[in-house]
Amino acid sequence: MNPAWRHPSFGAGAVLMALVIGAALLSLVWTPHDPAAMRIMARLKPPSAEHWLGTDQFGRDIVSMVLVGARNALLVGLVAVGIGLVFGVALGMLAALYRGRFIDEAVMRALDFVFAFPAVLTAILILTWFGPGLVNAVIAIGIFNIPVFARQARAATLQVVAQDYIRAARLAGLSRPAVMIRHILPNITGLMIVQGSTQFAFAILAEASLSYLGIGTQPPNPSWGRMLNDAQTYLATAPHLAIVPGLAIAITVLAFNLLGDGLRDLLDPRMKER
Amino acid sequence: MALFLIKRLAGLVLTLLVAALVIFLVLEVLPGDPAAMMMGVSATPESVAALRAELGLDGPAATRFLDWLAGFFTGNLGLSYTYRVAVGGLIAERLAVTVPLSLLALGLSLVLGVTLGTWAAAHAHRRSDLVIMGLTQLGLAIPNFWFGILLVLVFAIGLGWFPAGGFPGWAADPSLSARALLLPAFALAMPQAASLARITRSTMLETLSEDYIRTARAKGLSRGQTIRRHALRNALIPVLTILGLQFSFLLAGTIVLENVFALPGLGRLLIQAIGGHDLILIKSLVLFYVATAIIVNAIVDLAYGIADPRLRVGRT
């Protein structure tokens, strides 16, 4: 067995993540009820054999909504991290390539500036144009992720560039871009994956906050954050509605945080050897 | 030193100006006609023109931008479209909730985070360390607004110790007002405290392996005395930097938690302004938040540069 599975954080994170991905995949083929179907007669029902976790104020089945919500959350994380990773790594490596020169200074200053805008505020700026929605929320979170990845990529690239084998590759006649792609990129991938895991967790939390505020995912798409907003209205009469979506967010975020921590530990000895 | 200060200050002013310009372009120039956008599609051209005149949106963009910037010093930030009152007054009034809420949360997260982190480092790899580290993982994973809802469920609806939401106002009932801020501040502080505890633990562990700690122990100080007198001060410097960096998360958190607890602060005002398409109000509020985040980061940077001259050179 691969020793990675024996690392407690990595193992626990992997198990929880399998759970979340399993729920998302399951929702593609099966949910106990149609998550969008409203049954006014069965509104705000407590858990029962028919509805395992009860129903919301429109009589929608909570289990079905939470399952479909997993799909929503994973999609958000994937796209927001993808945006941050692609642009962030490209810009960070570019800055490192021109270290100390104008491009480096300009790129990093611009990214520091982007970083000063909390994701919620970027989302608000974007939605004044296009209206509230999942896509805008994801773009805003992705934009916030760019400087995070860029700083890491720049620092990591500078570390790798100083190695002898990079000089050897340059002497062997490889162009700078070729060295970047063939030798540096593979060497910083591990670090980027670790950061990606952490940012994945951040993206899910940020989308949940935005949807809770009503400026993220819009109905009828089920979103855990949105479900918590709805649940708050009925907190005194139907408290069970406020438990499950929050638990789902917490489990997903925990999964990616643990996975990231585990990966960082597992990659660490190799980083020291270099 | 003077050159360092001037350079940093110039950089700060420039950053603030660019931030204001970006916000202004996004909210007032790029949408075309903000008056039409605020009134919606059903508005007649005459009423849109009237609103444009009323809100001072009919001048050239450059003049409006400069007027808006000047407004941050004179307090005249224009009229809110939805409230029809001065934006400057609205913001000032709401600060009485948001500022105490953020400071309370900041204080709570610092005290909780440093105490738990130090305890965990002092008992590294023992049971209490594992429990604290487990709790911090939960603290990082639980969304602050859900934690707020759970606190309401237990302490407001269940036990009735705190109000479930709302804010009577400092003048009307100071003690109830303070109590109304406790649960939201605690929910806001929780994720921050969790990450501060983790950082405190790791910097503290590093500090505790230093030679001067062994010297302090060798001269007869107890472990607790060594930590309090020698280790804590050194371990806290990186912790304070992280606290500064996290300030923008804290600020964003107030937006969410003011909405959970129906507190009449800036964050609730912002979400209401979005609901009412009140671009005039959104513009000043967003700049206010961003400027606060930028200024706090600059202060932390500056403090760090003054404390450690090696950091004045800039990026490495």
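Two residues are in contact if their C-beta atoms, placed from the backbone, lie within 7 Å. Keep that in mind for the exercises below.

This is a predicted model, in which local features need pLDDT of at least 70, side-chain atom pairs count only at pLDDT 80 or more, and totals for chains, interfaces and linings use all residues. Residues are numbered from 1 along each chain as its sequence is written, while chains are lettered from A and ligands numbered from 1 in the order in which they are written.

**Exercise 1. Get to know chain A.**
Find what share of the contacts in chain A with a separation of 6 or more comes from residues 24 or more positions apart.

*Solution.* Start with the elements: chain A has 9 helices and 0 strands, where helices (H or I, at least four residues) and strands (E, at least two) are DSSP runs, numbered from the N terminus. Next, the contacts: among those with a separation of 6 or more, 71% join residues 24 or more positions apart. Finally, the C-alpha atoms of chain A fill a box of roughly 75 × 50 × 30 Å along the principal axes.

**Exercise 2. Check helix H1 of chain A.**
Compare the span of H1(A) with the expected one, then work out where its buried residues lie.

*Solution.* Step one: the expected span is 1.5 Å times one less than the number of residues. For the 22 residues of H1(A) (residues 8-29) this gives 32 Å, and the end C-alpha atoms are 32 Å apart, so the two agree.

Step two: a residue is buried if 20 or more other C-beta atoms lie within 10 Å of its own, exposed if 12 or fewer, and partly exposed in between, with C-beta atoms placed from the backbone. In H1(A) the buried ones are A:Phe10, A:Gly13, A:Leu16, A:Met17, A:Val20, A:Ala23 and A:Ser27. They lie on the same side of H1(A), because they cover an arc of only 155° around the axis (the arc is that of the directions from the helix axis to the C-beta atoms). Exposed residues on the other side of H1(A) include A:Val15, A:Ala18 and A:Gly22.

**Exercise 3. Explore where the chains meet.**
Describe the side of chain A that touches chain B.

*Solution.* First, the count: 30 residues of chain A are in contact with 36 residues of chain B. Then, the main contributor: H9(A) gives the most to this side of chain A, with 7 residues. Last, the make-up: 25 are nonpolar, 5 polar and none charged, where Ala, Val, Leu, Ile, Met, Phe, Trp, Tyr, Cys and Pro count as nonpolar, Asp, Glu, Lys and Arg as charged, and the others, Gly among them, as polar.
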